[in-house]
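Here's a quick briefing to read alongside the structure. Where are the holes, how far can you trust the coordinates, and what are the cysteines up to?

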Amino acid sequence: MCNILTKRVQTYLSDYFSSDTAMSKPEMRCLKDMVLGILKSKTVFVNQIAASLREPLKLKDVCKRLSSQYLKEDYAEKVLNSHLASVCGSISKDNFILMDGTDISKKHAKYMEGLEFVKNGDTGEIGLGYNVLNINAINSHKEITPLYSKAYSYQMGALSSNNEIKKAVREVKAHLNDKGCWIFDRGADNGILKDFFISECSQVIIRLKRNTKLFHKDQAHKASQLVGKIAFQVTQTVTKIKKDKPVLRHYELGAIPISHTIKGVKHSLWLVVSRDKKHGGLCYLLVKSKLTTAIKVAKWAFRGYGLRWKIEEYHRHIKQEYKLEQVQLKTFDGLQSMLSVLTVAMYIIYKKIKAIHFGLLLDAGYNYLNKHTVRELTNFIYYKISKVISILLMPTKSRSSICKAPPIEQCGQLNLGFN
């Protein structure tokens with residue numbers, strides 16, 4: 001069964017890299033080798049990626065071949081554009097597009113280009129590192145599609161975090177064709193970003209601060225003041241896992257129409273408020289939606305924003321399982337390339353091979369289901385999937401060519417691109 005699963009994973013890998021792209025053959029070969037190396041070694045160390053490829057060359061020669069491509073100034077942009085063009089067709093209008101920032105802390109780094117002071121999201125301390133923007137799509141089944149990852153540094157020309165966020169949104173939107181609903185946390189609750197998202201996105205959900213001013217019936221009110229005008233007509237029950245046990249939380253939902261004016265244009269929006277029935281905590285959401293009734297908008301926004309936590313789990317996964325914060329690349333272009341390649345590798349893990357996720361956990365012969373409960377197959381399973389994929393692919397080798405359209409008489413010798 002292990003051999004069968006390995007071949008199936010290789011087939012999915014080959015299928016991704018056989019799509020048409022504007023990248024040259026050496027660039028595509030580098031991408032294919034680095035993605036395979038990341039999946040095998042579970043690291044972003046270039047030496048370990050190169051060693052996992054098991055090529056009959058000296059390690060320094062393999063590293064030199066890879067670096068001749070991924071250190072190019074435009075390599076990260078080519079990888080991301082090729083990836084977005086390949087996967088955005090699978091994104092539907094009902095998907096939610098999650099955008100969130102994270103950090104790469106490099107406390108002891110000295111020679112990496114573009115280092116600056118960032119806040120460590122885990123410890124709250126200020127230290128050297130990079131700010132990173134990630135964008136993922138997620139559907140109603142909580143299936144994640146990694147789309148975009150890019151670092152920014154003021155030393156390397158970034159003007160502001162707002163400007164970098166707008167650039168990232170425009171870059172992804174150009175491939176999405178206005179599909180999906182964008183979701184942002186409270187970091188987007190400022191005048192510049194709110195105006196941008198409301199103007200640029202056909203559907204958007206932004207978490208607000210309680211003192212944010214909104215216009216209801218042409219009068220300005222704080223978000224917290226409008227709660228008294230909202231009829232909480234809907235109750236939603238959410239199951240949360242606390243200490244490995246399911247806990248039910250009940251929330252009351254309500255929505256009220258508001259307006260927001262940008263450059264003389266008045267936009268009709270909604271303020272959606274959720275209230276914890278037991279603890280009384282309030283969550284304020286600014287919503288732009290194609291739905292027309294308060295109840296439908298409230299349910300839709302509550303469900304969509306509830307999925308935002310998945311991108312936090314994604315950040316934790318790539319940092320812990322793939323050692324992102326231990327990356328060692330002296331050039332800023334090299335770091336950008338590694339982030340884009342890692343995005344492609346995570347797309348393989350999260351989305352491309354999703355049809356065999358359960359098979360990998362149940363039939364591969366590796367006992368990572370410690371408690372043998374159904375919940376282990378429905379929670380965040382990607383740590384376990386990463387371990388199984390690494391073991392299955394470790395004995396394999398990469399090939400330099402991929403046969404995209406083999407003649408019928410040669411189907412018995414189809415070259416899948418991996419051995």
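The second largest pocket has a lining of 34 residues, with Asp100, Gly101, Thr102, Glu312 and His315 lying nearest its centre. Keep in mind that this is a predicted model. The chain averages a pLDDT of 89, and a search of the whole structure turns up two cavities of 30 Å³ or more and zero disulfides.

**The second largest pocket**

- This pocket holds about 830 Å³ of space.
- Two or more lining residues come from each of β1 (96-105), β3, α6 (161-176), α7 (191-200) and α9.
- Helix α9 gives the largest share of that lining, with six residues.
- By class, the pocket lining splits into 11 nonpolar, 12 polar and 11 charged residues.

**The largest cavity**

- There's about 70 Å³ of space in the largest cavity.
- Its lining is made up of Tyr16, Phe17, Ser19, Asp20, Thr21, Met28, Leu31, Ser82 and Ser86.
- Helices α1 (2-17), α2 (25-41) and α5 (75-87) are the elements that give two or more residues to this lining.
- Sorted by class, the lining has four nonpolar residues, four polar ones and one charged.

**The second largest cavity**

- The volume here is about 40 Å³.
- Lining this cavity are Thr102, Val132, Asn134, Ser149, Tyr314, Ile318, Leu324, Leu339, Leu342 and Thr343.
- The elements with two or more residues in the lining are β3 (126-138), α9 (309-321) and α10 (332-352).
- Of these, α10 brings the largest share, three residues.
- You'll find six nonpolar and four polar residues in the lining, and no charged ones.
- Thr102 turns up twice in this briefing: it lines this cavity and is also among the residues nearest the centre of the second largest pocket.

**How confident is the prediction?**

- A pLDDT of at least 70 is reached by 92% of the residues.
- Among the elements, strand β6 (residues 204-208) comes out on top with a mean pLDDT of 97, while helix α12 (residues 375-378) has the lowest mean, 68.
- Residues 402-419 are the stretch to watch, with pLDDT below 50. Even so, the model gives this stretch 33 contacts beyond near neighbours in sequence.

**Cysteines**

- Which cysteine sulfur is nearest to that of Cys30? It belongs to Cys63, 11 Å away, and Cys30 is in no disulfide.
- Cys30 counts as buried because its relative accessibility is 1%, and the cut-off for buried is under 20%.
- Why is there no bond between Cys201 and Cys181? The sulfur of Cys181 is the closest one to that of Cys201, but the two are 8.4 Å apart, so they're too far from each other for a bond. For a disulfide, the sulfurs would have to be within 2.5 Å.
- Cys201 is buried too, since its relative accessibility is 2%.

**Lys354**

- Is Lys354 buried or partly exposed? With 36% relative accessibility, Lys354 counts as partly exposed, because that class sits between the 20% and 50% cut-offs.
- You'll find Lys354 in the loop between α10 and α11 (357-363).
- Lys354 and Glu143 are 211 residues apart in sequence, yet their C-alpha atoms are 8.5 Å apart in space.

Terms used. Residues are numbered from 1 along each chain as its sequence is written. This is a predicted model: local features need pLDDT of at least 70, side-chain atom pairs count only at pLDDT 80 or more; totals for chains, interfaces and linings use all residues. Side-chain values use heavy atoms; hydrogens and water are left out. On a 1 Å grid over the protein atoms alone, a cavity is a set of points where a 1.4 Å probe fits but cannot get out, and a pocket is an open set with protein on both sides within 12 Å along at least five of seven lines; lining residues have an atom within 4 Å of a point. Grid points are joined across faces, edges and corners, and a volume is the space filled by probe spheres set on the points. Helices (H or I, at least four residues) and strands (E, at least two) are DSSP runs, numbered from the N terminus. Ala, Val, Leu, Ile, Met, Phe, Trp, Tyr, Cys and Pro count as nonpolar, Asp, Glu, Lys and Arg as charged, and the others, Gly among them, as polar. pLDDT is the predictor's confidence in each residue, from 0 to 100. Contact means heavy atoms within 4.5 Å. Buried means under 20% relative accessible area, exposed over 50%, partly exposed in between (1.4 Å probe, protein chains only).
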